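I sat down with this model to look up a handful of things and kept notes as I went. Have a look at the structure first, then read along with me.

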There are 2 protein chains.
Amino acid sequence: MRDERLSKFRALAALSPDALSSIAYANQEIFLGLVVAGAAGLAYSWYIALAIALLLAILALSYTQTIQAYPSGGGSYTVARENLGVRFGLVAAAALMTDYILNVAVSVTAGVAAAASAFPALWPYRTLLSLVLLAIVTLANLRGLRESGAIMTVPVYFFLVMYLALIAAGLVRARLEGPSSLALTAPPATAPLTLFLILHTFSAGCTALTGVESISNGVPIFKSPESKNATQTMIAMAVLMGILFIGTAGLTQYFAVVAGPDETILSALTRHVWGTGVLYLLVQASTLLVLMVAANTSFVDFPRVASIVARDGYLPRQLMFLGDRLVFSNGILVLSGVAGLLVVAFQGDSHRLIPLFAIGAFLAFTLSQAGMVFHWRREHGRRWSVKAALNGIGMVTTAATVVIISISKFVDGAWIVILLIPLVVWGFNQIHRHYALVAAELSLRGVPPPLRPLPPPRIVLPLSSLHRGVIEALRYARSISDNVTAVYVEIEPGSSDKLAKQWREWGLDQSVRLEIVPSPYRSVLGPFLDFLERTDSEHNDGRTATVLLPEFVPAHWWASLLHNQTALAIKIALLYQRHALDRSRAVIDVPFYLRE
Amino acid sequence: MRDERLSKFRALAALSPDALSSIAYANQEIFLGLVVAGAAGLAYSWYIALAIALLLAILALSYTQTIQAYPSGGGSYTVARENLGVRFGLVAAAALMTDYILNVAVSVTAGVAAAASAFPALWPYRTLLSLVLLAIVTLANLRGLRESGAIMTVPVYFFLVMYLALIAAGLVRARLEGPSSLALTAPPATAPLTLFLILHTFSAGCTALTGVESISNGVPIFKSPESKNATQTMIAMAVLMGILFIGTAGLTQYFAVVAGPDETILSALTRHVWGTGVLYLLVQASTLLVLMVAANTSFVDFPRVASIVARDGYLPRQLMFLGDRLVFSNGILVLSGVAGLLVVAFQGDSHRLIPLFAIGAFLAFTLSQAGMVFHWRREHGRRWSVKAALNGIGMVTTAATVVIISISKFVDGAWIVILLIPLVVWGFNQIHRHYALVAAELSLRGVPPPLRPLPPPRIVLPLSSLHRGVIEALRYARSISDNVTAVYVEIEPGSSDKLAKQWREWGLDQSVRLEIVPSPYRSVLGPFLDFLERTDSEHNDGRTATVLLPEFVPAHWWASLLHNQTALAIKIALLYQRHALDRSRAVIDVPFYLRE
């Protein structure tokens, strides 16, 4: 899939948009979570941001270790499967795949929120606009977008430049103006400031960290030395994310910025720093663009995970081949179809989608970190206990986060994901079980060589009249067997007389028996199938007769509509419906091409 | 289809609802056509009604002659085809089929107008309600409605009783009250009273006469003596129609009844005569019911005409069999689908649909009458010239009506039908041409008996691994030919080594050649098809190799999604796509049933 290795500069753009763009909705969630408790609540946003930044630092350090240990790409599924067993691997895969879908829905809705903050007239049309963005990303992927191209790199660096400039300008301004008081700007509290409220807000803010694992999955796309470059890029990304997140959250609180109902908090902050001029619009545009690129990363990551899981036999085998055009297109359509449903169901509002988000990511983080702990213990290399301890801290922190999110967001929608993940794992296991049973049934064990010979088959040939196509089919039938029976289903009594006469004229009665099967109810298929089963029983040799279908094929597909599709109906009935005998039956198609 | 013969009483109910119910929309059209010219315009409604009644008398007389001449059913298609040639027959068929579709749309919308006149709150929902009525009629037909049952008879006689009572009461009231003056009730004129306006209104009123031919089509369903009973029923129907039409139109003008924008003129008349009590509601209910029965007649007549045209090879042969459940259901769905589109496109307003209506019916009338003139001349029987003259008058009158409708309603929508009918006839001819060419290609002329022998085919068997299903397929292949080649498309270099080893272990190399075809681009289908064409060219014996497909069939359909559908892809490619060689190729399916 990837033909060329990427420099650190381009790899950062290819692998980090998901993580970097998260600050757009994470800031928004912290604000919406705390504003209900008024000024007292909003005063906590700085601490929540710091806690999340600390979590980011722990995760980034943990993942640099994964990069060292898995230079060929250590996705959560791989790490969990290798170290904790396949069961945990599947949980990690289900969690990740759920999260990739939600990332699409959250990113497009957050992008629309950024755009609609600049143009409040768009606010009522957020669902529709989110679907439009989704359609654009989908079409670009169907057309075959290169994830490493300039179309990805430019928006990411544009976003970084705009936000770093915003923070710099904000700091200058803060120096000149001094702090503002939330007591003057915050709306009155409508809910008490409880521990639950703070944990709830922390959980929502943790969505900032979705996507930080991307670089550890993508080690092989770096230029050599891959691990070193990936580690440096991981650290660079974590530092950039930290600056963006702490910077925006800190300035928001310092200036006591509060957003109205039809604006995001980042938009309100930007207006405070830059006013509503061109710079403001550029910041909003960069937010929209980076979120579209972030949505796009799911279209790369989802099929990649699906292909690895399929390779182990837990998803349909067709998904194994990322290069398969048809499967790939179907995958894109399924992914954006489900994301589109989510957008519609949650009315294009990222705030309503967030409770479903992040559980999957943090569950995968936890399993991956736990896997790394086992990995170091098993390897018993130099300083293994320090490495294990570092991953252990990551594991405990992320596990605690999963518990906090699950409980605090349960009624808001987390229950959907908590129900869904085990269901998906159950599905994985059903698929695997099916493959195993089929493999056992198809196994050659107990079927000793050599190939035992088989007598030529009995051939049954249905026909409605004697024409060139039938003559060719009869010649074919006689070339493979001496036992050929032609069957005519007679709907109108006496209609077989002409055929029987032609049969004798052609001397066909010498070599092929003609059977007339009466059908009083105008059906051809039923009496024919009955004939087959009756004669099979009569022969009682354990074999079924082969059906040979003379079929003329018109030159144009639409002309098929002008002909009775009896041959097709027979084929479908024989191949895909099991009949009384439940023994398979060979079917031979002898087509006759028409020039018309 | 029809198992029992009908008495005149029940035959009238079965065959005349289309004609009788027409007075509902015909009265409405005359009113709407003239009201724009105010009182002076409405004064003409009586004369227009008389002219249409005269036309009715001429048509009824003409058709009693058709009944005599065609005791086995003289539809316009049959009469025109036999006497004027197939070209005119097809025009008549196209005209009739167009009209049957329009009859459905006009009847349901007029039925809803009758109901909404009684409950004006329903008026804005006429499109939706029309679609609901259409759905009811469609479902009843899909469930298999008997057109001669009580469900048809009761509404027709209920309608007749209600309207004859209405007219009788109206006459009593007229005697007591004397005439009213239109000058007092009519709205002011908004358009001048021109000859065009009068002809335009006459054209719209002619929709009263659609359906009068039904009895002549249905002669065979009468009890013996069929022709005599049918003639008497025809006359009874014409007399009843005349009374209803002249009666309602006459009373409307006598009482100077005028309808508002959300009421039909028949509703306004009924209110004038009965007030708004129970009797009024019963009249409206009978109108709604008879129009539903009228819509239903198209579901009987349309497939009947299609089946006769199909029998002559101008429509797909499947349509021949009226008993075919699948074809029949598809036909019902197509008919109501198109009618539904018309209802939506013309916003559930019968007044907007009317310009498309009646051209088809009158064109078919004209061709049928013209056919009868030729029929009498050719037969040269007793008093043939009188009979021919009678049909000749019918022909001239209906032809004149076609011209008047076409011109006066052209811009209102008649152009659609005038364009459509030739297009449908062109389609008929294309279908017929296709069948003739296919018959010539399939003809045995020039293929002398006896059946020339053919050597056993070369067999090519694609496989992806050696499993039980493949072993069974190889046994089958060897039972019909000594020349069997197995083909493995190798996507990953070296992946064929294991297969080649198994091949030798099984001693298969003794009897079946194994070919490894490399595929650098991950495609199985392309390299396999290339292999077939290359080896066919190499053999150069004018024959193509037969492809034998080992295929395992899972026990549940959904399990098919878990397996590569390579066999299906190969089948589709071989059977329905023509390849470079453009020579047909036999395909053998050897399924292997899985218990899983």
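**Salt bridges**

I began with a network: A:Arg458, A:Asp536 and A:Arg585 are linked by salt bridges. A reminder to myself before going further: this is a predicted model.

Next I asked how many salt bridges the structure holds over all chains. The count came to 24. As a general note, side chains of opposite charge can pair when their charged atoms come close.

In chain B, I looked up B:Asp536, which forms a salt bridge with B:Arg458, with 2.9 Å between the closest N and O atoms. Where do the two partners sit? B:Asp536 belongs to helix H22 (residues 525-539) of chain B, while B:Arg458 is in the loop between helix H19 (410-442) and strand E1 (459-462) of chain B, so the pair ties together parts that are 78 residues apart in sequence. I also checked whether B:Asp536 and B:Arg458 are buried or exposed. Both B:Asp536 and B:Arg458 turned out to be buried.

I then went to a pair inside one helix. B:Glu177 and B:Arg173 form a salt bridge, and their closest N and O atoms are 2.7 Å apart. The two are 4 residues apart in helix H8 (residues 150-177) of chain B, which means that about one helical turn separates B:Glu177 and B:Arg173. The background is familiar: an α-helix has 3.6 residues a turn, so residues three or four places apart point the same way. For cover, I noted that B:Glu177 is partly exposed at a relative accessible area of 43%, and B:Arg173 is also partly exposed, at 30%.

The last pair I looked up is in chain A. A:Glu515 and A:Arg513 meet through their side chains in a salt bridge of 3.9 Å, N to O. The cut-off here is 4 Å, so the pair counts. A:Glu515 has a relative accessible area of 28% and is partly exposed; A:Arg513 is partly exposed too, with 47%.

**Where the chains meet**

I turned to the interface and found 76 residues of chain A in contact with 76 residues of chain B. The area buried between chain A and chain B is about 7,000 Å², and carbon and sulfur atoms give 60% of that. How many salt bridges does the rule find across the interface of chain A and chain B? The answer is 0.

**Helix lengths and ends**

I checked two helices against 1.5 Å a residue. Helix H8 (residues 150-177) of chain A has 28 residues and should span 40 Å; the C-alpha atoms at its ends are 39 Å apart, which agrees. Just after H8(A) comes A:Gly178, with a positive phi of about 80°.

H22(B) has 15 residues and an expected span of 21 Å; its end C-alpha atoms are 21 Å apart, so the two values agree. The residue that follows H22(B) is B:Asn540, and its phi is positive, near 55°. I also listed the buried residues of H22(B), among them B:Phe528, B:Leu529, B:Phe531, B:Leu532 and B:Asp536. That last one is the partner of B:Arg458 in the salt bridge noted above.

**A covered helix**

Helix H10 (residues 195-205) of chain A includes A:Ser203. H10(A) is mostly covered, with 8 of its 11 residues buried. The buried ones include A:Leu197, A:Ile198, A:His200, A:Phe202 and A:Ser203. Which helices cover them? The cover includes helix H2 (17-35), H4, helix H18 (384-408) and helix H19 (410-442) of chain A.

For A:Ser203, the relative accessible area is 2%; the limit for buried is under 20%, so A:Ser203 counts as buried. Neighbours within four places in sequence aside, A:Ser203 is in contact with A:Ile404, A:Ile405, A:Ser408 and A:Lys409.

**At the surface**

I finished with a nonpolar surface patch of about 460 Å², made by A:Tyr44, A:Trp46, A:Tyr47, A:Leu50 and A:Leu193. A:Leu50 is in helix H4 (residues 45-69) of chain A. Its relative accessibility is 38%, so A:Leu50 counts as partly exposed.

One more leucine went into the notebook: B:Leu437, in helix H19 of chain B. B:Leu437 is partly exposed, with a relative accessible area of 33%. B:Leu437 and B:Tyr163 are 274 residues apart in sequence, and their C-alpha atoms are 56 Å apart in space.

Definitions and conventions: Residues numbered from 1 in each chain as written. Chains lettered and ligands numbered in written order. Predicted model: local features only at pLDDT ≥ 70, side-chain atom pairs only at ≥ 80, totals over all residues. Heavy atoms only, no water. Expected span 1.5 Å × (residues − 1). Patch = residues over 30% accessible without salt bridge, like charges linked within 9 Å, V, L, I, M, F, W, Y side chains within 5 Å. Areas by Shrake-Rupley, 256 points an atom, 1.4 Å probe, with all protein chains shown as cover. Buried < 20%, exposed > 50% of the residue type's maximum accessible area, 1.4 Å probe, protein only. Contact = heavy atoms within 4.5 Å. Buried area = accessible area lost by both parts, 1.4 Å probe.
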